[in-house]
Amino acid sequence: MTAMDLAGQDRDRAREHRTLMRKFWFAAAVSVPVIAFSYPELFGLDRWEAFRKGSDTLLWVWRALGILTIPVLAWSGSQFFTGAWQAVRQRSANMHTLIAIGISSAWLYSTVAVLFPGAFPEERFTEVYYDVTAVVVALVTLGLALEVKAKGRSSEAIRKLIGLQAKSARVVRDGVEFEVSVDDIVVGDVLAVRPGEKVPVDGTVESGSSAVDESMVTGESLPVDKAPGDEVIGATVNTTGAFTFRATKVGRDTALASIVRMVQDAQATRLPIQRVVDRVSGFFVPAVLLAAIGAFVIWFDLGPAPSLAYAVIVSVTVLIIACPCALGLATPTSLTVGMGKGAENGILFRGGDALQSLRRLDTIVLDKTGTITWGRPALTDVVPAAGFGVKEVLRVAAAVERTSEHPLAQAIVAGAAGRGITSAAPRAFAAVPGHGVEATIDDGRTVLLGNDRLLARAGVATTTLAARAGVLAGAGKTPMYLAVDGRLAGLVAVADTVKPDSIEAIAALRRLGLQVVMMTGDNRRTAEAIAHQVGVDRVLAEVLPEDKAHEVRKLQLEGRSVGMVGDGINDAPALTQADVGLAIGTGTDVAIEASDVTLVGGSLHGVVTAIAISRATMRNVKQNLFGAFVYNTAGLPVAIGVLYPLFGVLLSPLLAAAAMAFSSVTVVSNANRLRRWAPKEA
């Protein structure tokens, strides 16, 4: 998908949103006079007294209202009838079916009442419901417009991914360096990259060396050293040195383009979550229709004169009392309150589907870098050799790295400053690619800082600290040897450290009955060290970006309902593949846009709270659906007229409408109980 394709989708979605909003405003404008004139009591008039005196002014006013609401049905409400017809063709019933039946029943009955008032057996049956028609159409259309607007954000993930690509590059041809558009790069071109620039396409380093920040693609928290022969990935950021590389993959073949396609495919193939109300309506709506038809036939054949009038009244009353308003409100009202509670607690749900799905999760997959850990290196250990002190080792190491831009160097300098140790910049500094650095500090001493191969080249033995270095490496840290004037001085270790509350949050997730899995692109030893520290039993390590979504899919094929928590661009495909994707709000915009839930803070406690909100909300939804369904179902026998033979009681459409309204109020009131919900310790 290209930026042009996305722009076309955005225009179509914006056009649909504008159309729905026009429909809403039209229906809302019509609703005002319709509501006013549907209740003559508002003007001090007694409708029954007017009828007894033979006045037909009120009837003509109501007939005008009927004409006024026709365009509301025909235009503002057209999508409901279209959706209902499509459901009929598929032999099913959905939300559109419910709304179409409710608004058309109210309008048809009102029209019969005002056109043939004398056909009704009693005055109390003469009532109009044009206001119900207009208001329901307006409110539900507004809901559809807001839903369309929310769905528009789904393309933001792809748009931001495409935006990560460099717009231009410097190509070296015939010894001349000049700037070209990324679209003009072909396989085999040699390109130059300077410090701070993005790598334009995928390729292999030809000359020079540097450290490249690949965290946005691979999830690796530390920049990766690059030397001739190493591969570089498009859209990653060069942090230090300059280098040239030969393009091997361009356009749709780059790693970034592959991630874009995976995000797009995951969004396209994800099945929409069937709303609870649709499942209820699947059998409830046909049952109500059959009940209304059956009631009409029985009253027409067996009812008192005028049997046709009684049959019409009873069948319409059945439809009105079973009007899906309460059922239609049962889910969205609870979801709206639930999402509001989420916002109060720093949790942003993309839509009701995510809130519904969270409660069904039984597996949580956690990205390591930036999710469980901080995602940036920090000084963790200083181990002096014999004859040296901790402060001296750290002062010398910080002096060597003071002018370096490498993140590991900056972690050492920051760690020294945090302990109150200051140092001057080195007199001389030289990086040894793949090994470390060599420098001369202010007092004239020569210092080496790097791996054991660097010290071995200089003839410095590391055996006395080798065991400690192995322990540090086994704990997921990066140990670096320090030598001063050819003598081993000590070790300093840097690592991406665990967030303080990760251990507690993971324990809370396990208490909720969830299996916690850690997935990362880091090496297995580092991953298992972090997993052991935070209490995660299952580890998926060394997972490439394109494989993360596959790993989530494997878990789903095991029959698991999977939630994915991540913060990097490399997590985007997995976030969209998961049943629910949760993005750490401190992460990249792409991860946030690709997810279903955004945790505004960087804490994993947000995952625990999000699941708790989901479970509380869905309990409330079930209560609402049960109440609305039972309430309306219990009223059906009375509406059909089972009490008429015994007590002469026949429910009027007016009372049916009142009962329908009361059920809606009950549902809204129950949903508002969620406002008192507060997160508890799991």
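Five bridges join strand 11 (residues 363-367) to strand 18 (residues 515-519), and the two strands run parallel; strands are taken here as DSSP runs of E of at least two residues and helices as DSSP runs of H or I of at least four, both numbered from the N terminus, and two strands pair if DSSP finds at least two bridges between them. Within this pair, Asp367 stands opposite Met519 in strand 18. The model is a predicted one, in which local features need pLDDT of at least 70 and side-chain atom pairs count only at pLDDT 80 or more, while totals for chains, interfaces and linings use all residues. Residues are numbered from 1 along each chain as its sequence is written, and side-chain values use heavy atoms, with hydrogens and water left out.

The protein as a whole has 26 helices and 22 strands. Of its 682 residues, 50% count as buried, where buried means under 20% relative accessible area, exposed means over 50% and partly exposed lies in between, with a 1.4 Å probe and protein chains only. Among contacts (heavy atoms within 4.5 Å) between residues at least 6 apart in sequence, 68% join residues at least 24 apart.

Strands 11 and 18 belong to an open sheet of seven strands, whose order is 10-22-21-20-11-18-19 and whose pairing is mixed. Its edge strands are strand 10 (347-349) and strand 19 (538-540), each of which pairs on one side only. Neighbouring strands of this sheet are turned by 20 degrees against each other on average, direction ignored, with axes fitted as lines to C-alpha atoms, for helices over the stretch in contact, and angles between N-to-C directions running from 0 to 180 degrees.

Within the same order, strand 21 has strand 20 on one side and strand 22 on the other. Strand 20 (residues 562-566) is joined to strand 21 by four bridges, and the two run parallel; the bridge partner of Gly563 in strand 21 is Val580. Strand 21 is also joined to strand 22 (residues 597-599), by three bridges and again in parallel, with Val597 in strand 22 as the bridge partner of Leu582. Is strand 21 (residues 580-584) mostly covered or mostly uncovered? Five of its five residues are buried, so that strand 21 is mostly covered by the cut-off of under 20%. Val580, Leu582 and Ile584 point one way from the strand and Gly581 and Ala583 point the other way, and all of them are buried.

At the edge of this sheet, strand 19 is followed by the loop between strand 19 and helix 21 (545-557), in which Glu542 is found. Glu542 has a positive phi of about 55 degrees although it is not a glycine.

A second open sheet is formed by six strands in the order 2-1-3-9-4-7, with antiparallel pairing. Strand 2 and strand 7 (231-232) stand at the edges, each with a single partner strand, so one side of each is left without a neighbour in the sheet. Strand 7 pairs with strand 4 (residues 202-208) in the antiparallel sense over two bridges, and Gly203 stands opposite Val232 in strand 7. Asp174 is found in the loop between strand 1 (168-173) and strand 2 (176-181). The phi of Asp174 is near 55 degrees, a positive value in a residue other than glycine, and Asp174 is exposed, with a relative accessible area of 82%.

Turning to the helices, the 12 residues of helix 4 (residues 78-89) should span 16 Å at 1.5 Å a residue, and the end C-alpha atoms are 17 Å apart, which agrees; the expected span is 1.5 Å times one less than the number of residues. The buried residues of helix 4 are Gln79, Phe80, Gly83, Ala84 and Ala87. They cover an arc of only 135 degrees around the axis, which puts them on the same side of helix 4, the arc being that of the directions from the helix axis to the C-beta atoms. On the other side of helix 4, Trp85 and Arg89 are exposed. Helix 4 is followed by Arg91, whose phi is positive, near 60 degrees.

The axes of helix 3 (residues 57-76) and helix 4 come within 5 Å and cross at roughly 50 degrees. Helix 3 and helix 4 are therefore oblique to each other, since angles under 35 degrees count as roughly parallel, over 145 as roughly antiparallel, 65 to 115 as roughly perpendicular and the rest as oblique. Leu73, Ala74, Trp75 and Ser76 in helix 3 meet Ser78, Gln79, Phe80 and Phe81 in helix 4.
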